[in-house]
Amino acid sequence: MSKAIKKPRKARILDHAVLPVESLEMARARFSALGFTVAPDGLHPFGTENACIYFADGTFLEPLGIAQREDCEATARKGNVFTARDQAFRFRNGDNGFSAIAFLTDDAKADHKAFRKTGFSAGKKLSFSRKFINAQGDKDKAEFLLAFAADLRSPDSFFFTCERVAQPKVDRSALEVHENGVSGIVEIVLSEANPTDFQYLLQEVVNNRDDEAHSFGLEIAAENALVNVMTPEGLSAYFGVKRSVAGRGLRLEGIILSVRSLAAVRRTLEHHATAFREMHNRVVVDASAGQGCFIAFQEQASA
């Protein structure tokens with residue numbers, strides 16, 4: 001009897017970044033000052049809320065606030081990984097930061113089984129739905145199934161795959177146009193003193209066994225973006241920022257965004273009196289209240 005042939009791995013698509021914030025009002029003001037169009041507030045059924053920044057390439061940023069703390073705490077006690085991780089992150093780090101990245105999947109149940117098999121499961125799957133509103137006020141419902149992965153050595157970062165069970169039939173193209181010209185996410189930057197200690201976790205999350213070592217860490221390619229884990233020295237040399245905390249463990253530090261013109265970014269930031277600096281052909285904006293990580297703008301010919 002012939003053995004079943006395993007299908008080659010296909011790297012997952014980066015979907016979005018989760019950014020805990022003190023309030024959506026604060027996040028909206030900050031991201032508007034960076035030249036972003038911010039979507040209307042969205043409410044989760046387990047106590048959190050968001051005000052997303054959507055991009056033309058399908059990726060987005062999710063500033064995440066607390067709508068009802070009692071609901072967050074109650075659902076966390078019942079095993080909701082999303083609210084439990086968010087509550088724990090805020091307890092240790094305050095209400096501004098970068099806590100998670102999500103990848104698209106067409107089978108979150110299979111992902112959950114794989115995460116359990118490899119020892120990286122962070123807990124139970126999560127199924128939920130929420131209303132979606134576009135810039136014109138059109139409403140529909142979105143439904144999701146999430147599978148979670150994490151490493152106990154990194155309590156302040158987690159990962160999940162997101163299956164879009166039902167997608168809202170509303171046009172969000174107006175929300176994908178930004179004054180700063182951003183078209184999508186090209187790289188997620190993490191930090192850790194010894195990046196290879198978390199190689200297997202990241203390979204499983206991205207679903208890509210191949211990684212590329214560099215002088216300051218390692219990179220793993222998702223289908224549409226890089227996941228780059230840098231030493232604190234690399235973080236300082238390339239972005240001019242310090243690791244967000246002392247000690248070991250993966251920390252989500254920053255996001256590199258694609259633009260067609262850095263000149264347009266400079267004009268936008270200057271217009272809004274937003275401080276920035278330039279390093280390695282990028283415009284870098286440090287983390288601030290309502291913006292829990294550094295953001296770097298990078299010119300892309302196809303942006």
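**Exercises on a buried threonine and two pockets**

Thr 161 has a relative accessibility of 1% and therefore counts as buried, in a model that is predicted.

**Exercise 1.** Place Thr 161 in the fold, and determine which side chain it joins through a polar contact.

*Solution.* Begin with the secondary structure, where Thr 161 is found in strand β9. Next, apply the accessibility cut-off: buried means under 20% relative accessible area, so the 1% of Thr 161 falls in that class. Then turn to the side chains, where a polar contact of 2.9 Å links Thr 161 with Asp 111. Finally, set aside the neighbours within four places in sequence; the residues in contact with Thr 161 then include Arg 12, Phe 103, Ala 108, Asp 111, Phe 115 and Leu 145.

**Exercise 2.** Describe the largest pocket by its volume, its lining and the classes of its lining residues.

*Solution.* The volume of the largest pocket is about 820 Å³. Its lining consists of 23 residues, and those nearest the centre are Arg 9, Arg 12, Ala 110, Asp 111 and Asn 207. Two or more lining residues come from each of β6 (100-105) and α4 (108-118), with α4 giving the most, namely 6 residues. Sorted by class, the lining holds 14 charged, 6 nonpolar and 3 polar residues.

**Exercise 3.** Carry out the corresponding description for the second largest pocket.

*Solution.* The second largest pocket holds about 370 Å³ of space. Of the 23 residues that line it, Tyr 54, Phe 60, Arg 130, Phe 144 and Arg 164 lie nearest its centre. Among the elements that give two or more residues to this lining are β1 (14-20), β5 (60-66) and β9 (158-166). The class count for this lining is 14 nonpolar, 4 polar and 5 charged residues.

Methods: Residues are numbered from 1 along each chain as its sequence is written. This is a predicted model: local features need pLDDT of at least 70, side-chain atom pairs count only at pLDDT 80 or more; totals for chains, interfaces and linings use all residues. Side-chain values use heavy atoms; hydrogens and water are left out. On a 1 Å grid over the protein atoms alone, a cavity is a set of points where a 1.4 Å probe fits but cannot get out, and a pocket is an open set with protein on both sides within 12 Å along at least five of seven lines; lining residues have an atom within 4 Å of a point. Grid points are joined across faces, edges and corners, and a volume is the space filled by probe spheres set on the points. Helices (H or I, at least four residues) and strands (E, at least two) are DSSP runs, numbered from the N terminus. Ala, Val, Leu, Ile, Met, Phe, Trp, Tyr, Cys and Pro count as nonpolar, Asp, Glu, Lys and Arg as charged, and the others, Gly among them, as polar. Buried means under 20% relative accessible area, exposed over 50%, partly exposed in between (1.4 Å probe, protein chains only). A polar contact is a pair of N or O atoms within 3.5 Å; within protein, one must be able to donate a hydrogen and the other to accept it, and residues adjacent in sequence count only if both atoms are side-chain atoms. Contact means heavy atoms within 4.5 Å.
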